[in-house]
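Here are a few notes to read alongside the model. Keep the structure open and find each residue as you go.

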Amino acid sequence: VIVRGAGVAEQATSRLRRSEALRRVATDLASRLDVADVVRDLSDHARVLFGADRVAVILRDAEGRISSPGGTGFSEAFLGAARELERTRAGLRDLPSRRPIALLGPDAPRSSSPVRAAAIQEGVESLLAVPLVDGQALHGVFYLAHNRSHRWREGDLDAAEALAGDAAVAVRSARTFSRMAAWAAQLQSIQRLGARLAGITDVHD
């Protein structure tokens with residue numbers, strides 16, 4: 001009984017530490033105003049939080065453009081398969097569940113996913129796909145991989161889902177900031193042009 005109680009207490013402490021870590025990560029991601037910075041920090045935090053050997057981030061924008069702006073450890077062959085899968089999903093207007101999906105590992109069902117096949121071919125033993133969903137908008141997906149067998153517990157899936165939600169909000173905010181900055185720059189350019197034209201008119205008068 002004592003041993004069981006100690007185990008429960010240790011699990012509770014671990015959950016509390018992870019909850020606090022996720023809160024700090026959410027604050028860090030929210031402070032980024034550039035999508036590239038969000039992606040870099042997402043990759044770094046995901047590796048530390050889940051002990052992942054490889055991370056890939058695949059993004060889509062409102063126009064359906066697909067990119068793989070960051071991550072570590074995956075080959076271009078894997079990234080190409082992941083981009084193509086996301087491109088297909090974008091064409092179908094498919095909005096997946098927020099819940100992470102194990103594609104490879106002890107508890108993963110067998111599937112014909114090209115991403116799963118690409119991961120196996122480069123020695124991955126565990127692969128988790130985590131949708132980046134913000135409200136009703138899908139911003140992409142990130143993949144967490146281990147080079148060894150790894151079992152994803154419910155607590156891990158909960159944490160990955162929470163991280164993805166915070167990252168999706170950060171991506172949306174960074175994109176909004178980028179658009180606003182571009183509009184502000186265009187407005188300033190128009191104002192400067194207007195001022196020059198007004199000066200030319202004054203000279204002629």
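The points below cover the cores, a helix pair and one serine.

1. Before anything else, remember that this is a predicted model.

2. Start with the largest nonpolar core, which has 31 residues. Look for Phe50, Val57, Leu132, Phe142, Leu144 and Leu163, since these touch the most other members. Helices α1, α2 and α5 and strands β1, β4 and β5 each supply at least two residues of this core. The top contributor is α5, with ten residues.

3. Now click on Phe142. Skipping its neighbours within four places in sequence, Phe142 is in contact with a long list of residues, including Leu42, Ala46, Val57, Leu132, Ala160 and Leu163. There is also a second, separate core of 20 residues, and Phe74, Phe78, Tyr143 and Ala145 are among them.

4. How do α3 and α4 run relative to each other? They pack at an angle of about 175 degrees, and an angle over 145 counts as roughly antiparallel, so that is what we call this pair. Their axes are 9 Å apart. On the α3 side the contact uses Phe78, Ala81, Ala82 and Leu85, while α4 brings Pro114, Val115, Ala118 and Ala119. Sorted by type, that makes eight nonpolar residues, no polar and no charged.

5. Finally, try Ser68 in strand β2. Is Ser68 buried, partly exposed or exposed? Its relative accessible area is 24%, so Ser68 is partly exposed. Beyond residues up to four places away in sequence, Ser68 touches Val57, Ile58, Leu79 and Arg83. With Arg83 there is a polar contact of 2.7 Å between the side chains.

Methods
Residues are numbered from 1 along each chain as its sequence is written. This is a predicted model: local features need pLDDT of at least 70, side-chain atom pairs count only at pLDDT 80 or more; totals for chains, interfaces and linings use all residues. Side-chain values use heavy atoms; hydrogens and water are left out. A nonpolar core is a set of buried Ala, Val, Leu, Ile, Met, Phe, Trp, Tyr and Cys residues joined through side-chain atoms within 4.5 Å. Buried means under 20% relative accessible area, exposed over 50%, partly exposed in between (1.4 Å probe, protein chains only). Helices (H or I, at least four residues) and strands (E, at least two) are DSSP runs, numbered from the N terminus. Contact means heavy atoms within 4.5 Å. Axes are lines fitted to C-alpha atoms, for helices over the stretch in contact, and angles run from 0 to 180 degrees between N-to-C directions. Angles under 35 degrees count as roughly parallel, over 145 as roughly antiparallel, 65 to 115 as roughly perpendicular and the rest as oblique. Ala, Val, Leu, Ile, Met, Phe, Trp, Tyr, Cys and Pro count as nonpolar, Asp, Glu, Lys and Arg as charged, and the others, Gly among them, as polar. A polar contact is a pair of N or O atoms within 3.5 Å; within protein, one must be able to donate a hydrogen and the other to accept it, and residues adjacent in sequence count only if both atoms are side-chain atoms.
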